[in-house]
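Me: I would like a close look at a single part of this model, namely one helix and what surrounds its buried side. Please set out the packing in a connected account and continue from there to the neighbouring elements.

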Amino acid sequence: MALNLQDKQAIVAEVNEAAKGALSAVIADSRGVTVDKMTELRKTAREAGVSMRVVRNTLLRRAVEGTEFECLTDTFTGPTLIAFSNEHPGAAARLFKEFAKANDKFEIKGAAFEGKIQDVDFLATLPTYDEAIARLMGTIKEAAAGKLVRTFAALRDKLQEAA
């Protein structure tokens, strides 16, 4: 179906708006993946706070122009599926990586975070906010426990010297 100028402008504006509010973006090629699998991926993406769209490469180049995802323009070849992470920078990468494991024909082309091309594995392993807080609390707990042990050891040594 041919798009008229207004439709193209609307697509560019919509994708540009999504790019401006996104934390990261991941590009993939979904040729050969069944419609049922893609519908399942889209549903999972919505639940994870990821917006996905298949966009013509020329329109996508215009849409990301002036955004931090302009570095991805070299990956816009062939059918392009773009996903923007809105809540967590690693959400789209994690989602695509898991989907690619189950679907051999799904190919991840690239990812961007903070204006730079990033490794998809790097983005996929970024901890979520809750995971980062849990790690921080664990570190604080371990540090506090270590200090408590050292304090008890010093107190024990002083008591032994006094006796």
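Reply: In this predicted model, the buried residues of helix 4 (91-102) pack against strand 1 (24-29), helix 2 (35-47), strand 2, strand 3, strand 4 (107-113) and helix 5 (120-124). The buried residues in question are A91, A92, A93, L95, F96 and F99. Helix 4 itself has twelve residues, and its first and last C-alpha atoms are separated by 17 Å, close to the 16 Å expected at 1.5 Å a residue.

This packing belongs to a wider nonpolar assembly. The largest nonpolar core holds 23 residues, of which M38, L41, V50, M52, L81, F96 and F106 touch the most other members. Two or more residues are given to this core by each of strand 1, helix 2, strand 2, strand 3, helix 4, strand 4 and helix 5. Helix 4 supplies the largest share, six residues. In soluble globular proteins, nonpolar side chains tend to be buried together.

M52 illustrates how these elements meet. Apart from neighbours within four places in sequence, M52 is in contact with M38, L41, R42, A45, L81, I82, A83 and F96. A second, separate core comprises 18 residues, V12, V15, A25 and F76 among them.

One of the partners of M52, R42, deserves separate mention. R42 is found in helix 2 and is partly exposed, with a relative accessible area of 32%. Although R42 and M52 are ten residues apart in sequence, their C-alpha atoms lie 7.0 Å apart in space. Not counting residues up to four places away in sequence, R42 touches M52 and V54.

Immediately before helix 4, the loop that follows strand 3 contains H88. H88 is buried, its relative accessible area being 11%. Its side chain reaches the backbone nitrogen of G90 at 2.9 Å. With neighbours within four places in sequence set aside, H88 contacts L23, R94, L126, P127, T128 and Y129.

Strand 2 and strand 3 also take part in covering another helix. What covers the buried residues of helix 1 includes strand 2 (50-54), helix 3 (57-64) and strand 3 (81-85). Those buried residues are I11, V12, V15, N16 and A19. Viewed down the axis of helix 1, they fall within an arc of 125°, so they line one face of the helix. The face turned away from that buried side carries the exposed residues Q6, E17 and K20. Helix 1 (residues 5-21) has 17 residues and spans 25 Å from its first C-alpha to its last, close to the 24 Å expected at 1.5 Å a residue. At the start of helix 1, a side-chain oxygen of N4 comes to within 3.2 Å of the backbone nitrogen of Q6.

Strand 4, which is among the elements packed against helix 4, is followed by a loop leading to strand 5 (116-118), and E114 lies in that loop. E114 has a positive phi of about 55° although it is not a glycine. E114 is exposed, with a relative accessible area of 56%.

As for the chain as a whole, it is divided into domain 1 (5-126) and domain 2 (128-162). The C-alpha centres of domain 1 and domain 2 lie 44 Å apart.

How values were computed: Residues numbered from 1 in each chain as written. Predicted model: local features only at pLDDT ≥ 70, side-chain atom pairs only at ≥ 80, totals over all residues. Heavy atoms only, no water. Helix = DSSP H or I, 4+ residues; strand = E, 2+ residues; numbered from the N terminus. Expected span 1.5 Å × (residues − 1). Buried < 20%, exposed > 50% of the residue type's maximum accessible area, 1.4 Å probe, protein only. Arc of directions from axis to C-beta. Contact = heavy atoms within 4.5 Å. Polar contact = N/O pair within 3.5 Å; in protein donor to acceptor, adjacent residues only side chain to side chain. Domains from an automatic or database assignment. Core = buried A, V, L, I, M, F, W, Y, C linked by side-chain atoms within 4.5 Å.
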